[in-house]
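Walk me through this protein, from its salt bridges to its sheet and its cores. Short steps will do.

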Amino acid sequence: MASHRRPKQPSRTRVTVLTTAAAAAVALSANAANAAPSEKLGKDEVKAKVDKLYEQAEQATEKYNGAKEKQQKLQKEISTIQDSVARGQEELNKLRDGLGSLATAQYRSGGIDASVQLLLSSNPDDYLDKASTLDQLSSQQVDALKKIQDKQRELAQERAEATEKLKDLSATRTELGNKKKEVQSKLAEAQKLLNSLTAKEKAQLAEEQQRANRSSTERVDLGDTPPGSGFAQAAFSAAQTRLGSPYVYGATGPSSFDCSGLTSWAYAQAGVSIPRTSEAQSQIGTRIYNQSDLKVGDLVFFFNDLHHVGLYAGHGQILHAPRTGTVVRYESMTTIGGPFMFGVRV
């Protein structure tokens, strides 16, 4: 007789696991299907993202430039203090030697008190604090001790200042390294996006950029735009000789530049020293908020954080080093990508 046993039902736990796994698989498949189209960005989308990354890299570049400038300044200050300390120590040693010679002479003449031995101590402060002992010293000895005391205090202050600046230098070097990594990260991310394009798309983008560079490196007609001061005009003329030079972050010329590197180099050629970074350059001279009042050679600043600067070229044009992948060129102020904030007449 045939058995009619009921088939074993799967446990509730097993059903739950299987159902959850199946649901997850469906969800993953759906997500993959939805994500697939967005993985491949079009040429224009890639260009927009890359341009944004280049802008962010330029922001980080100006911070990097500021940290680098601060590092160089601190190194010079520390070197100056250390030289001063070395000279001060030599002077202190001579003062001590002179005091020792004075004590020796007194001893040979038989006029030295036993307490005068303390004169040769490395810490005469304790000795000077004992007023009763001072009565046993000559005025010459007291003057010598006071000079030593003053020199020791001076050296202690200088050493403390050097220590603080060395701490600041260490922090600045850390900041410099972080900003450099940030710039490189943005540029690497941009390159990764560009690498996702087809060979044809890459060629099209390259041609577009080359056309933009070629068309904007031709000298502009300044027309009736008033020239700036003699040195502003000289700075602008110097910048014109760099048309076509590539943008390189952190570069200050003469063959490659970033934005503030170009402006600081140009003014240096005119014999005028201006700060290295765009933010610092915005703090000098006279500010001009009305674009119609700008003159050739004035510094012009863009974006709320002032991370981009160029030289006014007339007719709403500027001469500048735009960003990675471009060259020093003329460009309309309306196409910079950020608002015009103000100009500065140096």
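With which residue does Asp51 form a salt bridge in which the closest N and O atoms are 2.9 Å apart? The partner is Lys47. Keep in mind that the model is predicted. Asp51 and Lys47 both belong to helix 2, residues 43-108, and sit four residues apart, so about one helical turn separates them. The general geometry fits. An α-helix has 3.6 residues a turn, so residues three or four places apart point the same way. How covered are the two side chains? Asp51 has a relative accessibility of 23%, so it counts as partly exposed, given that buried means under 20%. Lys47 is partly exposed too, with a relative accessible area of 30%.

Asp51 has another partner. It forms a salt bridge with Arg323, and here the closest N and O atoms are 3.6 Å apart. This pair reaches across the sequence. Asp51 lies in helix 2, while Arg323 lies in the loop between strand 4 (317-320) and strand 5 (329-332), so the pair ties together parts that are 272 residues apart in sequence. Arg323 counts as buried, at 18% relative accessibility.

Helix 2 takes part in a further link. Lys151 forms a salt bridge with Glu91, with 3.1 Å between the closest N and O atoms. Lys151 is in helix 5 (residues 139-195) and Glu91 is in helix 2, so this pair ties together parts that are 60 residues apart in sequence. The cover on the two ends can be read off as well. Lys151 is buried, with a relative accessible area of 8%. Glu91 is partly exposed, at 40% relative accessibility. Elsewhere, Lys43, Asp44 and Glu208 are joined into one network by salt bridges that share partners. The count of salt bridges comes to 15.

Now step back to the whole chain. The protein has 346 residues, and buried residues make up 37% of them. Its secondary structure comes to nine helices and six strands. Take the contacts between residues at least 6 apart in sequence: 69% of them join residues at least 24 apart. The accessible surface is about 19,700 Å², and carbon and sulfur atoms account for 51% of that.

Turn to the strands. In what order do the six strands line up in the sheet? The order is 1-6-2-3-4-5, the sheet is open, and the pairing is antiparallel. Strand 1 and strand 5 are the edge strands, each pairing on one side only. From one strand to the next, the twist averages 40 degrees.

Strand 6 (residues 340-345) shows the pairing in detail. Strand 1 (residues 286-288) pairs with strand 6 in the antiparallel sense over three bridges. Thr286 has Arg345 as its bridge partner there. Strand 2 (residues 299-302) also runs antiparallel to strand 6, and four bridges join the two. Leu299 stands opposite Val344. The bridge partner of Val300 is Gly343.

Helices lie against this sheet. Helix 7 lies across strand 3, strand 4 and strand 5, and runs at about 100 degrees to strand 3. Helix 8 packs on the sheet as well, touching strand 2, strand 3 and strand 4, and its direction makes about 55 degrees with that of strand 3. Why is helix 8 largely enclosed by the rest of the structure? Nine of its eleven residues are buried, so little of the helix is left outside that count. Among the buried ones are Cys259, Leu262, Trp265 and Tyr267. After helix 8 comes Gly271, with a positive phi near 85 degrees.

What fills the interior? In soluble globular proteins, nonpolar side chains tend to be buried together. The largest nonpolar core here has 27 residues, and Phe236, Tyr267, Leu299, Phe301 and Leu311 touch the most other members. Helix 7 (230-240), helix 8 (259-269), strand 2, strand 3 (308-314) and strand 6 each give two or more residues to this core. A second core of 13 residues is separate, and includes Leu41, Tyr54, Ala190 and Leu193. Leu299 thus appears in two roles: it stands opposite Val344 in strand 6, and it is one of the residues that touch the most other members of the largest core.

How values were computed
Residues are numbered from 1 along each chain as its sequence is written. This is a predicted model: local features need pLDDT of at least 70, side-chain atom pairs count only at pLDDT 80 or more; totals for chains, interfaces and linings use all residues. Side-chain values use heavy atoms; hydrogens and water are left out. Two strands pair if DSSP finds at least two bridges between them. A nonpolar core is a set of buried Ala, Val, Leu, Ile, Met, Phe, Trp, Tyr and Cys residues joined through side-chain atoms within 4.5 Å. Buried means under 20% relative accessible area, exposed over 50%, partly exposed in between (1.4 Å probe, protein chains only). A salt bridge is a side-chain nitrogen of Lys or Arg within 4 Å of a carboxyl oxygen of Asp or Glu. Contact means heavy atoms within 4.5 Å. Accessible areas come from the Shrake-Rupley method with a 1.4 Å probe; for residues, only the protein chains shown count as cover. Axes are lines fitted to C-alpha atoms, for helices over the stretch in contact, and angles run from 0 to 180 degrees between N-to-C directions.
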